[in-house]
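Here is a friendly walk through one protein model, in questions and answers. Have the viewer ready and follow along.

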Amino acid sequence: MPDIILLDVMLPGIDGWELLGRLREHPRLRGSAIIVCTILSQEPLALTLGAKAFLRKPISRQVLLDALDRQLPRLIPGSG
């Protein structure tokens, strides 16, 4: 199972917000950190639905890497 899921909620044929909720409810994915990365300004909604972080596009490589690094203490004991 993935440790981190990077999710853009603007998906063809499926509601990305619904997918976020389904990922949070899936027993095997409950431990995965979900980072929502989208052009939409919906950070409160993303966090309410269970995202661990929110990134507003466009983002730089460094912003993405920083967001991933912030998840490390949760993933690797003793790293934070």
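## Core, sheet and helix 1

Q: How many residues make up the largest nonpolar core, and which element gives the largest share of this core?
A: In this predicted model, the largest nonpolar core consists of Ile5, Leu7, Val9, Trp17, Leu20, Leu23, Leu29, Ile34, Val36, Ala46, Ala51 and Phe54. Strand 1, helix 1 and strand 4 are the elements that give two or more residues to this core. The core has twelve residues in all, and its largest share, three residues, comes from helix 1.

Q: Which residues, among others, belong to another core that lies apart from it?
A: This other core has five residues and lies apart from the largest one. Among its members are Cys37, Ala53, Leu55 and Ala67.

Q: Which strands stand at the edges of the sheet, and why is one side of each left without a neighbour?
A: The sheet is open, with three strands in the order 1-4-5 and parallel pairing. Each edge strand has a single partner strand, so one side of it has no neighbour in the sheet. From one strand to the next, the twist averages 20°. The edge strands are strand 1 (4-7) and strand 5 (53-56).

Q: What is the bridge partner of Val36 in strand 5?
A: Strand 4 (residues 33-38) and strand 5 run parallel and are joined by four bridges. Not counting residues up to four places away in sequence, Val36 is also one of the residues that the partner touches, along with Thr38, Leu40, Gln42, Glu43 and Ala46. The bridge partner of Val36 is Phe54.

Q: What angle does the direction of helix 1 make with that of strand 1?
A: Helix 1 (residues 16-25) packs on the sheet, where it touches strand 1 and strand 4. Its direction and that of strand 1 make an angle of about 170°.

Q: Why are the buried residues of helix 1 on the same side, and what arc do they cover?
A: The buried residues in helix 1 are Gly16, Trp17, Leu20, Gly21, Leu23 and Arg24. What covers them includes strand 1, strand 2 (10-11), strand 3 (14-15), strand 4 and helix 2 (43-48). They are on the same side of helix 1 because their arc around the axis is only 160°.

Q: Which residue caps the N-terminal end of helix 1?
A: Look at the backbone nitrogen of Trp17: a side-chain oxygen lies 2.7 Å from it. That oxygen belongs to the capping residue, Asp15.

Q: Which residue does a cis peptide bond join to Lys57?
A: The bond has an omega of about -5°. The residue in question lies in the loop between strand 5 and helix 3 (61-75). Joined to Lys57 by the cis peptide bond is Pro58.

Methods:
Residues numbered from 1 in each chain as written. Predicted model: local features only at pLDDT ≥ 70, side-chain atom pairs only at ≥ 80, totals over all residues. Heavy atoms only, no water. Pairing = 2+ DSSP bridges. Axes fitted to C-alpha atoms, helices over the stretch in contact; angles between N-to-C directions. Contact = heavy atoms within 4.5 Å. Core = buried A, V, L, I, M, F, W, Y, C linked by side-chain atoms within 4.5 Å. Buried < 20%, exposed > 50% of the residue type's maximum accessible area, 1.4 Å probe, protein only. Arc of directions from axis to C-beta. Polar contact = N/O pair within 3.5 Å; in protein donor to acceptor, adjacent residues only side chain to side chain.
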